[in-house]
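Reader: I'd like to learn how to read a model like this one, feature by feature. Could you walk me through it?

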Amino acid sequence: MSQKEIYEIGQVPPIGHVPKHMYAQVIRADRFGEPKHAFKVEKIAVPEIRADEVLVYVMAAGVNFNNVWAALGSPVDVIGARQKAKYDHSDFHIGGSDASGIVYATGHDVHNVKVGDRVVIHCGIWDRNAPSVRNGDDPMYDPSFKIWGYETNWGSFAQFARVQAHQCMPKASHLTWEEAAGPTLVGATAYRMLMGWSPHVVRRGDVVLIWGASGGLGCMAIQIVKAEGGIPVGIVGDDRKIDFCMKLGARGCINRKKYLHWGMMPHWKETAEYNKWAAECRAFGKAIWDIVGERKNPRIVFEHPGEDTIPTSVFVCDTGGMVVICAGTTGYNAVADLRYLWMRQKRLQGSHFANDEQSYAFNQLVLDGKIDPCLAKTYTFAEIPECHQAMHENRAPEGKMVALVGAPKPGLKDLPL
């Protein structure tokens, strides 16, 4: 193929040839609102890379809820936030926090990948020169930590993505581009939640209660728990989702809609109402025992709904166990009966994405064939606005949505012959 200044979507440039321009699905502040209107295809200059960065030709891009927020401009105006912080003055946003692709260029300090490598990208970035990072501390705690493709620009919804070299991990050769692009953000997030908070890591025989078991985080959590020898018990909102979870390895599932005690728990001085709430919690806990086959409480509760569910999660968690949470999809004002925390020495732990070690550990499970990417539907590049709109309207299919970018068709595991 002759070298061009821009290639059409699905046309793969010669490996190592970086054109001057690319196509991208772009969000601008004057379009904030419904995702189907906020994203527009634009011709953009291919970004230059820094010494520790890599330019990846994107074959496929995973879809996550964070770029629904980016499209809405709420709860954060990501463009304005970057401009205010003065670390990126661009007046547009190219999102996308999951990707599979091919390395096309590397900075002069990059040694872990080379041009032509097939890679997947994790979404954690940080300043390699930050004092705490240089000291070997967890970079997740450094103020420079950001989620690539949401808090930063130049994500995977474009033909070329700019990433830090440490984000690049080997692509599993047995997966198609679209399968490989899907699981990293949710999988690495779930891995840190389940394996990053010693001594509360999944051990053989541990019962782990997983909220939203059929969703992106939950379907990864089921498989990680299974791979580590634990007993995953899923919570779903519809009996039709149970079979999906069981096929992934769940011991059983509970339909939360069979219980009525969700939301803020009654005040402990309101004795009658509190006792009614606690009775519902005990019934919910018994459902866990029935699935496990013995009176064994979850040592780890995998949380993300937050406000509606934290009181119950703390209640049913085993003595000395942990409730670990990475979001608050039902709200942020969670309450708990503190007696259960101090008297039974339970832990309530916050968690956010993952560091390199955890991201690579999750990717190794993918490479070893222990993780099903749970690909739900593959979209075209032009359909990126629509798949975000579907997610915004709660019409997303079970599993992971992915959009093809550079891959000319679905089903390819490498470049077309």
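Author: Happily! A good place to begin is burial: 58% of the 417 residues of the protein chain count as buried. Keep in mind that this is a predicted model.

Reader: How many helices and strands does the protein chain have?

Author: There are 13 helices and 17 strands. The radius of gyration is 22 Å, close to the 22 Å that the globule rule gives for 417 residues, so the chain is as compact as a globular protein of that length. Along the principal axes, the C-alpha atoms fill a box of roughly 75 × 45 × 40 Å.

Reader: What share of the contacts with a separation of 6 or more comes from residues 24 or more positions apart?

Author: Such pairs account for 71% of those contacts in the protein chain.

Reader: Now the interior. Which residues have the most contacts inside the largest nonpolar core?

Author: A nonpolar core is a set of buried residues joined through side-chain atoms within 4.5 Å. Here the largest one has 108 residues, and Val54, Ile94 and Leu194 have the most contacts inside it. Strand 3 (residues 53-62) supplies the largest share of this core, with 8 residues. A second, separate core has 28 residues, including Val233, Ala287, Ile310 and Cys317.

Reader: Which residues is leucine 194 in contact with, leaving aside its neighbours within four places in sequence?

Author: Its partners include His200, Val201, Val202 and Val208, as well as Ala221, Ile224 and Val225. Ile300 and Phe302 also touch leucine 194.

Reader: Let's try a helix. Is helix 13 mostly covered or mostly exposed?

Author: First, the general idea: an α-helix has 3.6 residues a turn, so residues three or four places apart point the same way. Helix 13 (residues 384-392) is mostly covered, with 7 of its 9 residues buried. The buried ones are Ile384, Pro385, Cys387, His388, Gln389, Ala390 and Met391.

Reader: What do the buried residues of helix 13 pack against?

Author: They pack against helix 1 (35-38) and helix 2 (66-72), and also against strand 1 (21-27), strand 2 (39-45), strand 16 (375-379) and strand 17 (400-404). After helix 13 comes asparagine 394, with a positive phi near 60 degrees.

Reader: And the outside: what makes the nonpolar surface patch?

Author: Start with the total: the protein chain exposes about 17,800 Å², and carbon and sulfur atoms supply 51% of it. Leu338, Trp342 and Met343 make a nonpolar patch of about 390 Å². Leucine 338 lies in helix 11 (residues 338-343).

Note on methods:
Residues are numbered from 1 along each chain as its sequence is written. This is a predicted model: local features need pLDDT of at least 70, side-chain atom pairs count only at pLDDT 80 or more; totals for chains, interfaces and linings use all residues. Side-chain values use heavy atoms; hydrogens and water are left out. Patches are made of residues with over 30% relative accessible area and no salt bridge: like charges are joined within 9 Å, nonpolar side chains (Val, Leu, Ile, Met, Phe, Trp, Tyr) within 5 Å. Accessible areas come from the Shrake-Rupley method with a 1.4 Å probe; for residues, only the protein chains shown count as cover. A salt bridge is a side-chain nitrogen of Lys or Arg within 4 Å of a carboxyl oxygen of Asp or Glu. Helices (H or I, at least four residues) and strands (E, at least two) are DSSP runs, numbered from the N terminus. Buried means under 20% relative accessible area, exposed over 50%, partly exposed in between (1.4 Å probe, protein chains only). Contact means heavy atoms within 4.5 Å. The radius of gyration is taken over C-alpha atoms; the globule rule is 2.2 Å times the number of residues to the power 0.38.
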